Amino acid sequence: MTEEHRIQNEIRLAVQPYAVIFRINVGSGITYDGRHFDSGVPKGFSDLFGWRRSDGKAVMIEVKTPKGRPSKEQLNFIERAKQDGCIAGICRSADDAIKLIREDVKT
């Protein structure tokens with residue numbers, strides 16, 4: 001298991017009281033007749049996605065290791081998601097993810 005995958009799993013467990021979160025899987029390959037294909041979501045789509053339990057607001061989390069750097073496509077996706085009203089950001093730990101999700105909750 002990679003460090004990023006480990007962080008993803010920690011985030012998924014830690015945010016359960018606050019959000020319903022899914023891990024997105026993507027891939028590519030070659031068909032039997034030699035054609036290339038890509039499956040999954042568009043380039044830059046966040047690693048984890050779902051909704052906040054308190055209000056149903058969409059949540060997009062790009063998971064990175066402490067030294068990991070997001071791609072241009074990932075940064076663009078996060079910015080667009082925020083512009084459209086989603087909760088979106090880069091998280092390097094479970095604590096980061098909880099803060100992101102709870103950031104604008106009215107108490």
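A disulfide is a pair of cysteine sulfur atoms within 2.5 Å. By that yardstick, the structure, which is a predicted model, holds 0 disulfides. The sulfur of Cys 91 has its closest cysteine sulfur in Cys 86, and the 14 Å between them is too far for a bond. Looking from the other end, the sulfur of Cys 86 finds its closest cysteine sulfur in Cys 91, again at 14 Å, so no bond can be drawn there either. Cys 91 itself is tucked away: its relative accessibility is 1%, so it counts as buried.

Next comes the sheet. It is an open one, with 4 strands in the order E1-E4-E5-E6 and mixed pairing. At its edges stand E1 (19–23) and E6, and each has a single partner strand, so one side of each is left without a neighbour in the sheet. From one strand to the next, the twist averages 20°. As a bit of background, strands of a sheet pair through backbone hydrogen bonds, either parallel or antiparallel.

Starting from the E1 edge, E1 and E4 are antiparallel partners, held over 5 bridges. Within this pairing, Arg 23 sits opposite Leu 48 in E4. Helix H1 (residues 3–14) packs on the sheet, where it touches E1, E4, E5 and E6, and its direction makes about 150° with that of E5. Helix H3 (residues 94–102) also lies across E1, E4, E5 and E6, and runs at about 165° to E6.

Moving along the sheet, E4 (residues 48–52) pairs with E5 in the antiparallel sense, over 4 bridges. Here Phe 49 has Met 60 of E5 as its bridge partner. The hairpin made by E4 and E5 has 5 residues between the strands, and in it Gly 56 takes a positive phi near 75°.

How many of the 6 residues of strand E5 are buried? For E5 (residues 58–63) the count is 5 of the 6, so the strand is largely enclosed by the rest of the structure. On the E6 side, the pairing is parallel: 5 bridges join E5 to E6 (residues 87–91). Met 60 turns up again here, with Ala 88 in E6 as its bridge partner. To get from E5 to E6 the chain goes through helix H2 (residues 72–83), and this β-α-β crossover is right-handed.

The aromatic rings are the other thing to look at. A pair of aromatic rings is described by the distance of the centres and the angle of the planes. The structure has 4 aromatic pairs. One of them is Phe 22 with Phe 49, a tilted pair with 5.8 Å centre to centre and 40° between the planes. This pair links distant parts of the chain, with Phe 22 in strand E1 and Phe 49 in strand E4, 27 residues apart. Which of the labels buried, partly exposed or exposed fits Phe 22? With a relative accessible area of 38%, Phe 22 is partly exposed. Phe 49, at 25% relative accessibility, also counts as partly exposed.

Phe 22 pairs with Trp 51 too: the ring centres are 5.8 Å apart and the planes stand at 50°, so this pair is tilted. Since Phe 22 lies in E1 and Trp 51 in E4, the pair ties together parts that are 29 residues apart in sequence. Trp 51 has a relative accessible area of 39%, so it is partly exposed. Taking a wider view, Phe 22, Phe 45, Phe 49, Trp 51 and Phe 77 form one aromatic cluster.

What does Phe 22 touch, not counting residues up to four places away in sequence? The list runs to Asp 47, Leu 48, Phe 49, Gly 50 and Trp 51. Leu 100 is 78 residues from Phe 22 along the chain, and their C-alpha atoms are separated by 16 Å.

Conventions:
Residues are numbered from 1 along each chain as its sequence is written. This is a predicted model: local features need pLDDT of at least 70, side-chain atom pairs count only at pLDDT 80 or more; totals for chains, interfaces and linings use all residues. Side-chain values use heavy atoms; hydrogens and water are left out. Buried means under 20% relative accessible area, exposed over 50%, partly exposed in between (1.4 Å probe, protein chains only). Helices (H or I, at least four residues) and strands (E, at least two) are DSSP runs, numbered from the N terminus. Two strands pair if DSSP finds at least two bridges between them. A crossover is right-handed if, with the strands pointing away from the viewer, the path from the first strand over the helix to the second runs clockwise. Axes are lines fitted to C-alpha atoms, for helices over the stretch in contact, and angles run from 0 to 180 degrees between N-to-C directions. Contact means heavy atoms within 4.5 Å. Rings of Phe, Tyr and Trp (its six-membered ring) pair if their centres lie within 6.5 Å; planes under 30 degrees apart count as stacked, over 60 as edge-to-face and the rest as tilted.
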